[in-house]
Structure formats: structure tokens, C-alpha cells
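This report covers a helix pair, a phenylalanine in the interior and a patch on the surface.

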Amino acid sequence: MEKKIKDSFIKLLKEYKYNDISIRNITDGANISRRSFYQYYENKLQLYEEIVGDYIEWSLRPFERNDDNQLFSSKISQFTDTILNSIDTVELIFNNDLDILVETIKKILVIQISNNNNGFFINKLSNVASQQYYINVISLNCVESIKYILNNKTLDKEDLATGLCDACDAISFFYNTKH
């Protein structure tokens, strides 16, 4: 049932803006009652956040574990491939409020961190304030990386991944210099 609801919503996003889609539109497209919808979701925002969350969680998988045998550039390539392989859906779900996206990614990171997925290096941070800042930075970076890929989708996959890696290297170099 949840898949039918999500599929209906994604299909509607192809034709309408988020704010123009009603619960009735979603339930009609899924061929279910409003009551059935509310058995799974409190509102449209929760549905949207879950769809975004599913996608983000899937695209961040290469970064979940800190595998010493896997280069960062390989993780970036996997991330880029994930986005490009489902570009139509990505454009639909990321064509909405970026604040929702950032908050959804923050929630995912908090869950992954609480599940001891250490690939995000949160365990190296000593206090809650630095952990919160780190979560904010990673969330914003993820959204900006996806926007970069969407804005440059005509480039070769390798060029996109190289661009992201170069930017990460420059940022890393900046933070490793003495101020």
C-alpha cells in the first residue's frame, strides 16, 4: 500500500508542484481511500519526507562505513552514479523546498549515527555541539552535491565525480591549513 501511495505522489510531482498536490489527488492516483492514506501517513509532508529519506539513505550508503580499502573518490563515484541512475525521480523530489531536504538528511544522519554507522566520523567528535554542527554541514553538503550533479547532469559521470572530489579536496586543504 505504501508503495502505491509513494508512486502516486511521485507521478503527481511530474505534473504539479508540491503545494498544488492534495491528499485527495494522491489517494485518487493510488486508487485508495483517504482513510487508507492516513493509516500510513499523518500528512503530505510526512509522505514527502519519507520519499526523500528513502532516496537519501540509499544514495548515502557508500559513506555509511569507514572502509579503509575504499577510496573516497570511489564513494563519490557511487554517490554520483546513484543520482544519475534515477535522475528523473531525483529531479522531481529535489525540485521542492531545500529546507525540507536538509532537515530530512539531518534526521537520517542522526538515525545512522545512533545505529553506530561510523562512516560519517561522528564518533571522532567530542561534544554534542560539534556533532550538531557536523550534522548540519554534512546535510547541507549532501544537498549541494545533489544540486551540483543535477545542474551538470550533461557532463560525463567521471567528470562529475572528479568535480566533487576536487571540491572536497579543496575544502579539506582549506581546513587543514593554519589560520
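## Helix packing, a buried phenylalanine and a surface patch

In this predicted model, helix H1 (residues 2–13) packs against helix H2 (residues 23–30) at an angle of about 115°, and their axes are 8 Å apart. The crossing of H1 past H2 is right-handed. On the H1 side the contact involves Lys-4, Ile-5, Ser-8, Phe-9 and Leu-12, which meet Asn-25, Ile-26, Gly-29 and Ala-30 of H2.

Phe-37 is located in helix H3 (residues 34–40). Leaving aside residues up to four places away in sequence, Phe-37 touches Ile-5, Ile-23, Ile-26, Thr-27, Ile-32, Asn-43, Lys-44 and Leu-47. Among these contacts, Ile-5 also takes part in the meeting of H1 with H2, as does Ile-26. Ile-23 is 14 residues from Phe-37 in sequence, with a C-alpha to C-alpha distance of 8.0 Å.

A nonpolar patch on the surface is formed by Tyr-133, Val-137, Ile-171, Phe-174 and Tyr-175, with about 550 Å² of accessible area together. Helix H9 (128–151) and helix H10 (157–176) each supply at least two of the patch residues. The most comes from H10, with three residues. Phe-174 is in H10.

The two phenylalanines are set out below.

| Residue | Helix | Relative accessibility | Class |
|---|---|---|---|
| Phe-37 | H3 | 0% | buried |
| Phe-174 | H10 | 45% | partly exposed |

Phe-37 counts as buried because its relative accessibility is 0%, and the limit for that class is under 20%. Phe-174 counts as partly exposed because its value is 45%, which falls between the 20% and 50% limits.

Note on methods:
Residues are numbered from 1 along each chain as its sequence is written. This is a predicted model: local features need pLDDT of at least 70, side-chain atom pairs count only at pLDDT 80 or more; totals for chains, interfaces and linings use all residues. Side-chain values use heavy atoms; hydrogens and water are left out. Patches are made of residues with over 30% relative accessible area and no salt bridge: like charges are joined within 9 Å, nonpolar side chains (Val, Leu, Ile, Met, Phe, Trp, Tyr) within 5 Å. Accessible areas come from the Shrake-Rupley method with a 1.4 Å probe; for residues, only the protein chains shown count as cover. A salt bridge is a side-chain nitrogen of Lys or Arg within 4 Å of a carboxyl oxygen of Asp or Glu. Helices (H or I, at least four residues) and strands (E, at least two) are DSSP runs, numbered from the N terminus. Buried means under 20% relative accessible area, exposed over 50%, partly exposed in between (1.4 Å probe, protein chains only). Contact means heavy atoms within 4.5 Å. Axes are lines fitted to C-alpha atoms, for helices over the stretch in contact, and angles run from 0 to 180 degrees between N-to-C directions. A crossing is left-handed if the near helix is turned anticlockwise from the far one by less than a right angle, and right-handed if clockwise.
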